[in-house]
Amino acid sequence: MLTGASNITIENCRIHDTGRDCIKITPGCDDITIVNCEIHDSGQRDDSNAEGIDCVNGDRVVIRYCWIHDTATTGVYLK
């Protein structure tokens, strides 16, 4: 069974000017809450694949009251 960083809340943050994705949630990272954040200007190093939030196989992810803008690719990509 894969395990990762879980039961995490990211709140009231401004996340910007990142190399690629602003927030990357990898497999096994579950119960992540992102609330009241401004997320923008992803992909400063590599803009070919740079989401605001990229979630790969994370379960029970909650995103609310966030302003996500000016990302190189997709704002929020849940897969």
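Two strands are paired where DSSP finds at least two bridges between them, and strands are DSSP runs (E, at least two residues) numbered from the N terminus. The model toured here is predicted, with local features requiring pLDDT of at least 70 and side-chain atom pairs counted only at pLDDT 80 or more, while totals for chains, interfaces and linings use all residues. Residues are numbered from 1 along each chain as its sequence is written, and side-chain values use heavy atoms, without hydrogens and water.

Select E4 and E7 to begin: these strands run parallel and are joined by three bridges. Within E7, isoleucine 63 is the bridge partner of isoleucine 34. Now add E1 to show an open, parallel sheet of three strands in the order E1-E4-E7. Strand E1 (8-11) and strand E7 (62-64) are its edge strands, each pairing on one side only.

Next, select E2, E5 and E8. They form an open sheet of three strands, ordered E2-E5-E8 with parallel pairing. Strand E2 (14-16) and strand E8 (67-69) each have a single partner strand, so one side of each lacks a neighbour in the sheet. Strand E5 (residues 38-40) pairs with E8 over three bridges; histidine 40 has histidine 69 as its bridge partner in E8.

Turn then to the largest nonpolar core, which has 11 residues, among them Ile15, Ile25, Ile34 and Cys55. Such a core joins buried Ala, Val, Leu, Ile, Met, Phe, Trp, Tyr and Cys residues through side-chain atoms within 4.5 Å, buried being under 20% relative accessible area (1.4 Å probe, protein chains only). Strands E3 (23-25), E4 (32-35) and E6 (53-55) each give two or more residues to this core.

Conventions
Buried means under 20% relative accessible area, exposed over 50%, partly exposed in between (1.4 Å probe, protein chains only). Helices (H or I, at least four residues) and strands (E, at least two) are DSSP runs, numbered from the N terminus.
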